[in-house]
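Here is a protein model to look around in. Take a moment with the sequence and the fold, and then we'll walk through some of the contacts.

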Amino acid sequence: MLGIGEAKKKRTIVTIMSGKTDQPIGFPLASQRLRFSLRHLEIFAATARAGTARAAADQVARSQSAASATLMELEDTLGAQLFDRVGRRLLLNENGRALLPKAMSLLDRAAELQQLFAAEHDAPLRLAASLTIGEYLLPNLLADWKTSHRASPVHLMIGNTSEVIAAVAGFDVDIGFIEGRQTHPQLVVHAWRSDELVIVAAPAHPLARGTASTRQLGEATWALRERGSGTREAVERWLLEHVGSLRVEFELGSPEAIKRLVAAGSALGCLPREAVARELDQGLLVGLATRLPRATRRLAIVLHRDKHLGRGAEDFLRHCASFGA
């Protein structure tokens, strides 16, 4: 039988580690250490968005020469060209398009880490929305959300559906809200809520009384949103199927402009009910009675497949989901 002292000796394990391999588990070996920094990726992403080194330098508060040198250093380090040089423009090539979503994901995570130690400001919430959603649906949702995220700035870009999709695909915003059916291979589309399209006219319009026939609708003058907007797409899909060709003599870039023109003249308009609710209540516009089937459409939320959403953006998505219908 071994004595206590001998037993202790038998259980002793001696490990010898050299200076080159004596490092904590999980840290890369010297040959695997990163050869580029977040600064390299920041310049790369800014250049991808802006299209020139000068514009990218303005975005990240560096000189043009420093931005160009950093970009060349990144390409040398990776051993691959990331842009095609066309005059002064820098256009992402296949390598750059493969790198961009991964670079943006790393930059977003780094920004989130940085915010852990900046209690006075949370990460900004960056949104893009088509006009109806941005002007009539999101303001109340944002006001409610802001009560529990007081330190988080909100940046809302409002445009048509095509512009919103481009902003999400280009990583300019975190979340997009659209009205149309357009999509993009890099985006994921989630159904959100529905709304209804309404044909409106001035109270004195000849079709404001009685029920308008499809022939009368086809002969009337119309004021519609511009092409590329989700509302225009939905209106044409509904009316062209049941009415046929339309006399579109006004194409306007906002619901407000259409409402004012319709209220002041002889044109008909077709807008989401949310956009005309106040004018209908006040009698400035009237909803036309027709024999057409009710027109509803789905509004949607769009996200980039490779986008990492911060805590605030995730919270806002949950907040919006609770108001879906």
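## A buried glutamate and its partner

Let's start with Glu179, in a model that is predicted. With a relative accessible area of 4%, Glu179 falls under the 20% cut-off, so this residue counts as buried. Its side chain meets that of Arg297 in a salt bridge, at 3.1 Å from N to O. The two come from distant parts of the chain: Glu179 is in the loop between β5 (175–178) and β6, while Arg297 belongs to strand β13 (residues 296–304), 118 residues away. Arg297 is buried as well, at 5% relative accessibility.

Glu179 also gives us a handy reference point for Ser194. Their C-alpha atoms are 9.3 Å apart, with their positions 15 residues apart along the chain. Ser194 sits in strand β6 (residues 187–201) and is partly exposed, with a relative accessible area of 35%.

## More salt bridges

How many salt bridges are there in total? The count comes to 21. One of them joins the side chains of Arg273 and Glu196, 3.0 Å from N to O. This is another link between distant parts: Arg273 is in helix α11 (residues 273–282) and Glu196 in strand β6, 77 residues apart. Is each partner buried or partly exposed? Arg273 is partly exposed at 38% relative accessibility, whereas Glu196 is buried with a relative accessible area of 17%.

Helix α11 also holds Glu279, which pairs up with Lys259 in helix α10 (residues 255–264), 20 residues apart. The closest N and O atoms of that salt bridge are 3.1 Å apart. Glu279 is buried, with a relative accessible area of 9%, and Lys259 is buried too, at 5% relative accessibility. Elsewhere, salt bridges with shared partners tie Arg227, Arg232, Glu236 and Glu251 into one network.

## Rings that meet

Now for the aromatic side chains, which make 4 pairs. In one of them, the rings of Trp145 and Phe316 have centres 5.7 Å apart and planes at 80 degrees; an angle over 60 counts as edge-to-face, so that is what we call this pair. Trp145 lies in helix α6 (residues 131–146) and Phe316 in helix α12 (residues 311–321), so the pair ties together parts 171 residues apart in sequence. Both partners are tucked away: Trp145 is buried at 2% relative accessibility, and Phe316 is buried at 0% relative accessible area.

Ring pairs go on to link Trp145, Phe177, Trp192 and Phe316 into a cluster. Trp192 has a charged companion, too: the charged end of Arg193 sits over its ring, 5.6 Å from the centre.

## A patch on the surface

What forms the nonpolar patch on the surface? The members are Val154, Leu156 and Ile158, with about 190 Å² of accessible area together. Leu156 is in strand β4 (residues 154–159) and is partly exposed, with a relative accessible area of 31%.

## Stepping back

Zooming out, the protein chain has 12 helices and 13 strands. Of its 325 residues, 41% count as buried. The accessible surface comes to about 18,300 Å², and 53% of that belongs to carbon and sulfur atoms.

How much of the contact picture is long-range in sequence? Among contacts between residues at least 6 apart in sequence, 74% join residues at least 24 apart. The salt bridge between Glu179 and Arg297, where we began, is one link between distant parts of the chain.

Technical notes. Residues are numbered from 1 along each chain as its sequence is written. This is a predicted model: local features need pLDDT of at least 70, side-chain atom pairs count only at pLDDT 80 or more; totals for chains, interfaces and linings use all residues. Side-chain values use heavy atoms; hydrogens and water are left out. Patches are made of residues with over 30% relative accessible area and no salt bridge: like charges are joined within 9 Å, nonpolar side chains (Val, Leu, Ile, Met, Phe, Trp, Tyr) within 5 Å. Accessible areas come from the Shrake-Rupley method with a 1.4 Å probe; for residues, only the protein chains shown count as cover. A salt bridge is a side-chain nitrogen of Lys or Arg within 4 Å of a carboxyl oxygen of Asp or Glu. Helices (H or I, at least four residues) and strands (E, at least two) are DSSP runs, numbered from the N terminus. Buried means under 20% relative accessible area, exposed over 50%, partly exposed in between (1.4 Å probe, protein chains only). Rings of Phe, Tyr and Trp (its six-membered ring) pair if their centres lie within 6.5 Å; planes under 30 degrees apart count as stacked, over 60 as edge-to-face and the rest as tilted. A charge sits over a ring if NZ of Lys or CZ of Arg is within 6 Å of the ring centre and within 35 degrees of the ring normal. Contact means heavy atoms within 4.5 Å.
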